[in-house]
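Here is a friendly walk through one model, written for someone who likes to know the cut-offs. Have the coordinates open as you read.

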4 protein chains.
Amino acid sequence: MSIHSLHLNLNTGVTSLASRKKEKYDLILEAALKVIAEHGFHGSQVSRIAKEAGVADGTIYLYFKNKEDILISLLREKLGELVAKFNSSIQEGDTADEALRKICEIHYTALEENVHLAHVAQIELRQSSIELRKEIGLAVKPYIELIESVIRRGMDAGTFRQGLDPKVVRLLIFGGMDEVVTSWLISGRKYSLSEQAGKTIDFFLKGLS
Amino acid sequence: MSIHSLHLNLNTGVTSLASRKKEKYDLILEAALKVIAEHGFHGSQVSRIAKEAGVADGTIYLYFKNKEDILISLLREKLGELVAKFNSSIQEGDTADEALRKICEIHYTALEENVHLAHVAQIELRQSSIELRKEIGLAVKPYIELIESVIRRGMDAGTFRQGLDPKVVRLLIFGGMDEVVTSWLISGRKYSLSEQAGKTIDFFLKGLS
Amino acid sequence: MSIHSLHLNLNTGVTSLASRKKEKYDLILEAALKVIAEHGFHGSQVSRIAKEAGVADGTIYLYFKNKEDILISLLREKLGELVAKFNSSIQEGDTADEALRKICEIHYTALEENVHLAHVAQIELRQSSIELRKEIGLAVKPYIELIESVIRRGMDAGTFRQGLDPKVVRLLIFGGMDEVVTSWLISGRKYSLSEQAGKTIDFFLKGLS
Amino acid sequence: MSIHSLHLNLNTGVTSLASRKKEKYDLILEAALKVIAEHGFHGSQVSRIAKEAGVADGTIYLYFKNKEDILISLLREKLGELVAKFNSSIQEGDTADEALRKICEIHYTALEENVHLAHVAQIELRQSSIELRKEIGLAVKPYIELIESVIRRGMDAGTFRQGLDPKVVRLLIFGGMDEVVTSWLISGRKYSLSEQAGKTIDFFLKGLS
DNA sequence: CATGAATGAGTGTTCATTCAT
DNA sequence: AATGAATGAACACTCATTCAT
């Protein structure tokens, strides 16, 4: 390392190397989110994301392995934030009903408030290769497991009836909500998504009969 | 057209010009189904589908407008068959419970028995352009409406409770089943899909509580 | 052979086999002229010419070796008609001046009266392969030689001055008229082409000085 | 690094980013000129031009919008050079005769000395689409207007006779020379083109009579 | 003679990724 | 670390021509 680079390091002394790295990393992810939401999956060339982020094409590859890595990272980061929000919202003392209601409300509200993310998560990211879809599955898993844990808690507490298979029910709940969100998006968001939470929970809790 | 030619058409119904045309049309669709299921959406070049069908590349374009048209046609044909199966299975006298149970059982069984179709419908076709996705939506609509009609029938007969919003419930039911199928596929089909129908219906009918 | 096709033969019984052949040959050429003039060189697929002529694609190949052969034949026929028109117009007793004036007038008038032919000859046929261009050269040759013969006649008669090189002058005359026609076409035919004949001949006869 | 390369570096020390960009731009144009002249319009695939220029296919598209853009640029550059040559050759004090003589001599000499250019300009470029032909027309226009200005100058000075229509005469002159060049090329260049200039001017100035 | 379904060679253009600077 | 010019593999689609009927 030369004196010149040392000098540069002194200049950036206030922000650590790690945080600078983190800054540009986030910059690119935010750019990717915006570009994909605006131009769709097929209109999201690496060069366009780089331009939006204000960096050179090559710079992308200093922070991400390849294009797919950008998408996977994007999902992981955003979904991680969402799961963190759930965890902080669901109090220890919540009943299973309350926890499930919160999950559904946060699910709908978070996507309603962040249409970009909703569009990318529900529409664009699903146009990806098998490898990417497996990664998406991994990223979604913690969320599905969160739902399962709530179901188990309800069954243990006697709030939910016995005989349910939590592995199947978690899918039915996640898939149901997922479809409601996609349908809302495709409709052109002509109604309030968060207002569907009541009906959704009502169906999940009491079923058809 | 004379009586004679009409008569001939009846006689040669199996190998008329129209049916030969139909044959090659189906041949290509079957090849497309196989190739997409095997090699994924991105590995399904037109030339590969042509090779699998045993026809020249150019022949594809005598039967389909473009590559996307193959996929749309594929979905329309297969989904049409499925909806026909539903309609012929659901008897007039069926209660809403029975009808919903049949829908779920046919949904799971049909996809379990035709893994190629399941793979294409659940994984590959979702990686398509917005235009294609709209077409898919149109193709799926009759099915979702079938579910809605069963819900309404149940509510009218007093089998299902009042206060349900059929527009939301139909999404929760379709989305739930859809997620179960996708999960089964991604798991590597390590368990029986059709055996999940009981638990699924149980949840739909009685809910969690 | 059925009675039906026999009946057809009776209908065409008045025209000999040769003339029927000739008829379809001409039919295709007329169709080609129309299609090329309307849709341009690149829009003139063999199938389109066949459709315009009311015959099957394959029928074209019973009368012409290949696509290029259609174009060459087209030019030969039409240019042949033109040269015949010249020859019948130019009287034995005409002076070279009069003959040249007639050539120019017929050249301009014929193309003005047949815009289709003009378009194909001046614009479309020049977009062809080298082989075709050589053929075009051969087809045009008799016409250029006609011009040369008039020049020689004028020099022999003393009407035209000595020292001219007929081989060069014939090119200058043909090229000049050709450019005037093309320019008129590209301009959108906003003025009368045949009215340019006077000025053209005036320049050819007296030059600039 | 050797003295030789050092020497070269000194020589090319002035090469700015812009000039290097210009270099590759010219490189591709020169390659296109050579390839089109050698293999004809239809044998000039973009990949062949790239190979001849020693660059990758994709590189072409960093400098040119598309294939047609290469041809248009080629014509504009080369014709621009030619017009510049005319302008610098024709002195203010030249009489119209002298100016016209120079135009004809440069026209013939320039094309005789650059057979590639001659071939492309006279034969290949004329096989292009209507859009391209319009571009060609635009590129040729300044040259035709140069001829017209000389004619007008001669008429004003009394060198050329009155009553001429400069708009028609410019076409007759340009078209005449053009045909002589094309004929020379098609003949296989078996005689000297530049030696035809005398006869050509002689005809233009004095006409036939 | 006539048909027209089938053929399959041929190519301009995009864009993820690299690497010399 | 950052750049961005250069790379080159990959692919849908057209259409002149053939040939079994």
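## Helix 6 of chain D

The buried residues of helix 6 of chain D are Ala96(D), Ala99(D), Leu100(D), Ile103(D), Cys104(D), Ile106(D), His107(D), Tyr108(D), Ala110(D) and Leu111(D). Here, buried means under 20% relative accessible area, exposed means over 50%, and partly exposed lies in between, using a 1.4 Å probe and protein chains only. Helix 6 of chain D covers residues 96-113, 18 residues in total, and spans 25 Å from its first C-alpha to its last, close to the 26 Å expected at 1.5 Å a residue. That expected span is 1.5 Å times one less than the number of residues. Helices (H or I, at least four residues) and strands (E, at least two) are DSSP runs, numbered from the N terminus.

## Ground rules

This is a predicted model, in which local features need pLDDT of at least 70 and side-chain atom pairs count only at pLDDT 80 or more, while totals for chains, interfaces and linings use all residues. Residues are numbered from 1 along each chain as its sequence is written, chains are lettered from A and ligands numbered from 1 in the order in which they are written, and side-chain values use heavy atoms, with hydrogens and water left out.

## Chain A overall

Chain A has 10 helices and 0 strands. Of its 209 residues, 48% are buried. Taking contacts (heavy atoms within 4.5 Å) in chain A between residues at least 6 apart in sequence, 64% join residues at least 24 apart.

UniProt, in an unreviewed entry, lists residues 45-64 of chain A as "DNA-binding region". UniProt positions are given in the numbering used here, feature names are shortened, and annotations may be inferred rather than shown by experiment. In the model, residues 45-64 of chain A are 75% helix and 0% strand, and the end C-alpha atoms of this span lie 14 Å apart.

## DNA strand F

Which residues are closest to DNA strand F? They are Thr59(A), Tyr63(A), Gln45(B), Thr59(D) and Tyr63(D), out of 30 residues that surround the strand. A residue is near a molecule or strand if one of its heavy atoms lies within 4 Å of it. By class, the surface near DNA strand F has 12 nonpolar, 10 polar and 8 charged residues. Nonpolar covers Ala, Val, Leu, Ile, Met, Phe, Trp, Tyr, Cys and Pro; charged covers Asp, Glu, Lys and Arg; the others, Gly among them, count as polar. Elements that each supply at least two residues to this surface include helix 2 (17-39) and helix 4 (57-63) of chain A.

Of the atoms of DNA strand F within 4 Å of the protein, 68% belong to sugar or phosphate and the rest to bases. Polar contacts are pairs of N or O atoms within 3.5 Å; within protein, one must be able to donate a hydrogen and the other to accept it, and residues adjacent in sequence count only if both atoms are side-chain atoms. A polar side-chain atom of Thr59(A) is 2.5 Å from a phosphate oxygen of DNA strand F, and one of Tyr63(D) is 2.6 Å from a phosphate oxygen of that strand. Val46(C) uses its backbone: an N or O atom there lies 2.8 Å from a phosphate oxygen of DNA strand F.

## DNA strand E

DNA strand E is surrounded by 30 residues, the closest being Val46(A), Thr59(B), Tyr63(B), Thr59(C) and Tyr63(C). Sugar and phosphate make up 71% of the atoms of DNA strand E that come within 4 Å of the protein. The surface near DNA strand E has 13 nonpolar, 10 polar and 7 charged residues.

A backbone N or O atom of Val46(A) lies 2.8 Å from a phosphate oxygen of DNA strand E, and a polar side-chain atom of Tyr61(A) lies 3.0 Å from a phosphate oxygen of this strand. At a base, a polar backbone atom of Gly58(C) is 3.2 Å from a nitrogen of DNA strand E.

## A few single residues

Gln91(A) sits in the loop between helix 5 (67-89) and helix 6 (96-113) of chain A. Its relative accessibility is 44%, so Gln91(A) counts as partly exposed. Asp156(A), in helix 8 (residues 130-157) of chain A, is exposed because its relative accessible area is 70%.

Arg189(B) lies in the loop between helix 9 (166-186) and helix 10 (197-206) of chain B. Phi of Arg189(B) is near 55°, a positive value in a residue other than glycine.
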